[in-house]
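Hi,

Here is the structure I promised to send over. Have a look at it first, and then read on for what turned up.

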Amino acid sequence: MMICPVCHKEMTEEDFGGVMVDICKSGCKGIWFDWCELVKLDEKNEGLGKALKEAIEYPRTNNEDRQQINCPKCDIPMHIHKYQSAKEINVDECYACGGFFLDSGELRNVRDNFMGEEEEREYCQKLLDDMPGFKEAQADSEKRKSRSDALMNLTRYVRLSYYMAGR
Ligand SMILES: [Zn+2]
Ligand SMILES: [Zn+2]
C-alpha cells in the first residue's frame with residue numbers, strides 16, 4: 001500500500017485500461033505515476049479522465065510552497081520542477097525510480113492555463129534538460145527516448161484536463 005507523500009493517507013491503486021495509477025482518494029487527490037506506467041499511457045486510456053476530473057474539481061489543500069516531498073517508493077527527496085510561467089505546472093519527479101507526483105491544485109492550474117502543442121513541446125524539453133546529468137547522458141539514446149516518451153505522455157495527459165473541465 002502506498003502512502004501519499006503529501007498528506008500521508010493511504011493511496012488507492014486503480015487500473016485505468018491497463019495503466020496502474022495511485023490516487024490519494026481519501027486525502028489530497030494527488031496522483032502518483034510510475035515511470036513504466038507512464039510509458040504505457042496513451043490516448044486510449046480514457047478511463048483515467050475520471051481520476052483527473054476529480055483531481056481538477058478538488059481544491060488544493062496543501063500549501064503551494066510546500067516542502068520537498070519524499071518519493072513514496074524510494075523514500076528519498078523528490079525533485080520539484082518549478083517554473084516561472086503559470087502555464088508550467090510544478091511536477092515532482094523522483095530521479096531514482098522515475099515516478100511523478102501531481103498535486104490536485106497543479107491540475108487546476110493547468111485547466112486555467114492551456115498550453116498549445118508548441119508550448120507543450122518546449123515544456124517537455126525543459127523537463128528533460130532539467131535532470132542532473134541528463135545532457136551528459138544523451139549518448140545513451142535508449143534512456144533518453146524512454147524518458148522523453150514518459151514525459152510526453154504525462155504532459156499530454158495533463159493537457160487533457162483542459163478538455164475535461166468542459167471548456
Ligand atoms: Zn494526499
Ligand atoms: Zn522513487
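First, a caveat: this is a predicted model, so please read everything below in that light.

**Overall layout**

The protein chain has five helices and six strands. Going along the sequence, they come in the pattern β-β-β-α-α-β-β-β-α-α-α. Of the 167 residues, 46% count as buried. If you look at contacts with a separation of 6 or more, 55% of them are between residues 24 or more positions apart. The accessible surface of the chain is about 8600 Å², and carbon and sulfur atoms make up 47% of that.

**The sheet**

The six strands form an open sheet in the order E1-E2-E3-E6-E5-E4, and the pairing is antiparallel. E1 and E4 are the edge strands with a single partner each, so each of them has one side without a neighbour in the sheet. As a reminder, strands of a sheet pair through backbone hydrogen bonds, either parallel or antiparallel. If you want a place to start tracing, take E1 and E2, which are joined by five bridges in the antiparallel sense. Within that pair, Glu-14 has Val-21 of E2 as its bridge partner.

**Two zinc sites**

You will probably go straight to the metals, so here they are in turn.

What holds the zinc ion (ligand 1)? Its donors are the SG atoms of Cys-4, Cys-7, Cys-24 and Cys-28, at 2.2 to 2.3 Å. Along the chain these donors follow the spacing C-x2-C-x16-C-x3-C. Cys-7 sits in the segment before strand E1 (12-16), while Cys-24 is in the loop between strand E2 (19-23) and strand E3 (31-33); the two are 17 residues apart, and the pair links distant parts of the chain. The angles between the four donor atoms run from 95 to 122°, and the arrangement is tetrahedral because four donors qualify when all angles lie between 85 and 135 degrees. Cys-24 has 0% relative accessibility and therefore counts as buried. Cys-7, at 27%, counts as partly exposed.

The zinc ion (ligand 2) has Cys-71, Cys-74, Cys-94 and Cys-97 as its protein donors, again through SG, and they lie 2.3 Å from the ion. Here the spacing in sequence is C-x2-C-x19-C-x2-C. Cys-71 is in the loop between H2 and E4, and Cys-97 is in the loop between strand E5 (92-93) and E6, so this pair ties together parts that are 26 residues apart in sequence. The donor angles of 107 to 115° make this arrangement tetrahedral. Cys-71 is buried, with a relative accessible area of 2%, whereas Cys-97 counts as partly exposed at 26%.

**The cores**

Which residues have the most contacts inside the largest nonpolar core? They are Val-21, Phe-33, Leu-38, Val-91, Phe-100, Leu-151 and Leu-154, in a core of 17 residues. E2, E3, strand E6 (100-102), helix H4 (117-130) and helix H5 (141-164) each give at least two residues to this core. H4 has the largest share, with four residues. Leu-151 is a handy one to click on: leaving aside its neighbours within four places in sequence, Leu-151 is in contact with Phe-100, Cys-124, Leu-127 and Leu-128.

Apart from the largest nonpolar core there is another one of 12 residues, including Cys-4, Cys-24, Trp-32 and Cys-94. You will recognise some of those names from the metal sites: Cys-4 and Cys-24 are donors to the zinc ion (ligand 1), and Cys-94 is a donor to the zinc ion (ligand 2).

**Two backbone oddities**

Most residues other than glycine have a negative phi. Lys-29 has a positive phi of about 65° although it is not a glycine, and Asp-75 has one of about 60°. Lys-29 lies in the loop between E2 and E3, and Asp-75 lies in the loop between helix H2 (48-57) and strand E4 (79-80).

Are these two buried or exposed? Lys-29 is at 13% relative accessibility, which means that it counts as buried, since the cut-off is under 20%. Asp-75, at 57%, counts as exposed, the cut-off there being over 50%.

Cheers

Technical notes
Residues are numbered from 1 along each chain as its sequence is written. Chains are lettered from A and ligands numbered from 1 in the order in which they are written. This is a predicted model: local features need pLDDT of at least 70, side-chain atom pairs count only at pLDDT 80 or more; totals for chains, interfaces and linings use all residues. Side-chain values use heavy atoms; hydrogens and water are left out. Donors are N, O and S atoms within 2.8 Å of the metal (3.2 Å for Na, K and Ca); water is not among the atoms, so sites may look incomplete. Four donors count as tetrahedral if all angles lie between 85 and 135 degrees; four count as square planar and six as octahedral if opposite donors are over 155 degrees apart and all others between 65 and 115; anything else is irregular. Buried means under 20% relative accessible area, exposed over 50%, partly exposed in between (1.4 Å probe, protein chains only). Contact means heavy atoms within 4.5 Å. Accessible areas come from the Shrake-Rupley method with a 1.4 Å probe; for residues, only the protein chains shown count as cover. A nonpolar core is a set of buried Ala, Val, Leu, Ile, Met, Phe, Trp, Tyr and Cys residues joined through side-chain atoms within 4.5 Å. Two strands pair if DSSP finds at least two bridges between them.
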